[in-house]
Amino acid sequence: MAVKEVAILMEKHQGKPGDGSCVGRKGLAILKSKLETSPSSSSPKLKCPKVPKRLREMVKGAEDCYAPKLISLGPYYHGESRLAEGEELKLKLAKDYIQNYCKEIVDAFYDKISIIITELKDYYDEMSTKKYDDDKFTVMMVVDGCALLSYILNVCLGSKHGSFSIRYQDISVLYRDALLLENQLPYQLLLELMKMMRFEWTNDLWTAMFQEFFGINDESIFQEFMGMESNSCHGGLFLRESRKSNLESAGNKSESKPCHHLLDLFRRNFLGEERSSSFGSQTGNENLEGMWSVRDVKEVIASFRNVNELMDVGILIKRSPTHHLRDISFRSNGITACLKIPPITIDSSTKAMFLNLIAYEMSSDVPHDFISYLRFLDSLIDHADDVKELQSIGIVQNNLGTHEEVEIFFNTVSTNLESNFHAYKDVRVKIGKHLQSHYNSRVKM
C-alpha cells in the first residue's frame, strides 16, 4: 500500500473534534510526515557503491584492501596526493588509447561522454560527485576510461610496459586497483569509449579481452580465436575477419543482465554460469525448489561438516573440471559418494579481491552467491588439517603461507556474512541425506 493511501485511511479513522482525539493529532501528523518522506523500499541501489560501513567494522585491519595504491578510477579517490604518480600514468595511457587505437580526436571523446554525464554520475554516491561540475566530471571519465582500456589492451596484446614507465612491481598493483569496488568505472562509459576504436570490435570480443586481463579464461581466447598482426601504418593492431565470427559466440554467457562495471564482470565469470541444480531451482524435485521442508533444513544443517569428517564417512573429495565457483556437485550411490569442488588459489592478493567481491554483493542488488561460496568452503575448513587435505587434492593452492594462515583467512573473511541460503542447496541436502544414511546403517549394524 502506498504511503499516501495509508495517510488517507488514517485520516478516515480520526475522531471528530471534541471526542478527545485532538490530543493525538500532533503525533499523527508526525507519523504521516515520516511516512511521506521515508525512502521507498524498492529504490534501486547504486551501481558503483562504496564499501558498506558494516563490512569495514566486521573485518578489522582490512582498510588497505579497499583503497587504490597507484591509480584512482572514478571520483572516490580522485585527486589524492598519494596517487599523483598514478595521475601522470593515466594521462600517458589515455593519450595512447586515443592516438594509437582510436579514429577520433579528443574533442569527439569529450562530446560523446558529456551527453551521458548525468547518467554516469548516478552510478556513484552523490556526496562524492557533487563537488565536480559536469565539465570536470566528463574530463575525469574520459581520462580514467581511456587509461584503463589502454592498459588492458597493452597487457593482453603483449605491449611493453616500459614505454609507459610502469615498473614490474606495479603491474600486480594496477591489476589489484582495477578490481576494487570503490575504484570502478561504469561499464556504460567503457562501452561508449570502446565504440570509438578504429577497428570494429564486438562487445563479446571486449568481454573476452577483459577475461584475458583478469586471467579467468580456461584457455586463452586470443590463442584460440584471434590473429593479431602489426600494421606499420599506425603501429596498431587488427583482427582477422576470418576469426572474428568465431569469437562472437565466445563472450560472457553467465548472466544476461548488463554489467555495472569490471568487478561485476569479473564476479560473473568467476562464479560461472548459473547451475539451476545447485541454486535451488531444479525442476522435477519438489524438495529442491520453492519452500523448504523441515527435513531439508535439518539435512542442510547436518551437512556442515569439515573435510576430514566427510572423508571419515566415505565421501571422496575431488577437483571439479572447471575453475568456476558454482561448479560444486555431489553424487552418492548410498555407500560411497563424491564431492567435487573447483580449485582456487589463495595468496597475498586474494584477501583484497574477496573482500571487494563481498562488499559488492552486500551493497548491490545481486544475489550473495560469492558469499555463499565462501561460507560453503569455510564450513569445510575447521582446522589446518582440512586445508592440508584440500591442498593435497589440488583444490586449494596455498601461496599464502602455512595451513593455519589459510584456515584463519577463511574464518576471517566469511564470519557473520549472510549467504544465499538457496545456493548449493541440492548439494547440501544430498550430503545431509548421505550422512543420515551412513549413520542409520551403522546403527543397524
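**Entry on Lys121 and Asp134**

I began with Lys121, which has a relative accessibility of 16% and therefore counts as buried, since buried means under 20% relative accessible area. I note at the outset that this is a predicted model, and I read every value below as one computed from it. Lys121 forms a salt bridge with Asp134, and the closest N and O atoms of the two are 3.0 Å apart. I then looked up where the partners sit: Lys121 is in helix H6 (residues 117-121) and Asp134 is in helix H8, so the pair ties together parts that are 13 residues apart in sequence. Asp134 counts as partly exposed, because its relative accessibility is 37%.

**Entry on other salt bridges**

I wanted to know how many salt bridges there are, and the count comes to 13. One that I followed joins Lys112 and Glu192, with 3.7 Å between the closest N and O atoms. This pair links distant parts of the chain, since Lys112 belongs to helix H5 (residues 106-115) and Glu192 to helix H10 (residues 187-194), 80 residues apart. Lys112 is partly exposed, at a relative accessible area of 28%, while Glu192 counts as buried at 16% relative accessibility.

I next turned to Lys430 and Asp426, whose side chains meet in a salt bridge at 3.8 Å, taken from N to O. Here both residues lie in helix H21 (residues 425-444), and they are 4 residues apart, which is about one turn of the helix. Which of the two is buried and which is partly exposed? I found that Lys430 is partly exposed, with a relative accessible area of 36%, whereas Asp426 counts as buried at 6% relative accessibility. I also noted that salt bridges with shared partners join Arg56, Glu63 and Glu182 into one network.

**Entry on the rings around Tyr175**

For the aromatic residues I wrote down a reminder that a pair of aromatic rings is described by the distance of the centres and the angle of the planes. The count comes to 18 aromatic pairs. In one of these pairs, Tyr175 and Phe213 lie 5.8 Å apart from centre to centre with 50° between the planes, and the pair is tilted. It links distant parts of the chain, with Tyr175 in helix H9 (residues 171-177) and Phe213 in helix H11 (residues 203-214), 38 residues apart.

Tyr175 also pairs with Phe214, and this pair is edge-to-face, at 5.9 Å centre to centre and 65° between the planes. I checked the angle against the cut-off: planes over 60 degrees apart count as edge-to-face, so the 65° of this pair places it in that class. Because Tyr175 lies in helix H9 and Phe214 in helix H11, the pair ties together parts that are 39 residues apart in sequence.

I then looked up how accessible these residues are. Tyr175 is partly exposed, with a relative accessible area of 27%; Phe213 counts as buried at 8% relative accessibility, and Phe214 is buried as well, at a relative accessible area of 5%. Which residues do ring pairs link into a cluster? The cluster takes in Tyr151, Tyr175, Phe213, Phe214, Phe266, Phe270, Phe354, Phe370, Tyr373, Phe409 and Phe410.

**Entry on cavities**

Last, I searched for enclosed spaces and found a count of 2 cavities of 30 Å³ or more. The largest cavity has a volume of about 60 Å³, and its lining consists of Ile71, Leu73, Leu93, Ala147, Leu148, Tyr151, Leu174, Ala178 and Phe213. I recognised Tyr151 and Phe213 in this lining, as both also belong to the ring cluster. Helix H8 (residues 134-156) gives the largest share of the lining, with 3 residues. What kinds of residue line the largest cavity? I found 9 nonpolar residues, with no polar and no charged ones.

The second largest cavity has a volume of about 30 Å³. Around it I listed Leu73, Leu148, Ala178, Asn183, Gln184, Leu185, Leu190 and Leu262. This lining divides into 6 nonpolar and 2 polar residues, with no charged ones. Leu73, Leu148 and Ala178 appear in this lining and also in that of the largest cavity, which I marked for when I next turn the structure on the screen.

How values were computed: Residues numbered from 1 in each chain as written. Predicted model: local features only at pLDDT ≥ 70, side-chain atom pairs only at ≥ 80, totals over all residues. Heavy atoms only, no water. Phe/Tyr/Trp six-rings, centres within 6.5 Å; stacked < 30°, edge-to-face > 60°. Helix = DSSP H or I, 4+ residues; strand = E, 2+ residues; numbered from the N terminus. Buried < 20%, exposed > 50% of the residue type's maximum accessible area, 1.4 Å probe, protein only. 1 Å grid on protein atoms, 1.4 Å probe; cavity = no way out; pocket = protein on both sides within 12 Å on 5 of 7 lines; lining within 4 Å. Points joined across faces, edges and corners; volume = space filled by probe spheres on them. Nonpolar A, V, L, I, M, F, W, Y, C, P; charged D, E, K, R; others polar. Salt bridge = Lys/Arg side-chain N within 4 Å of Asp/Glu carboxyl O.
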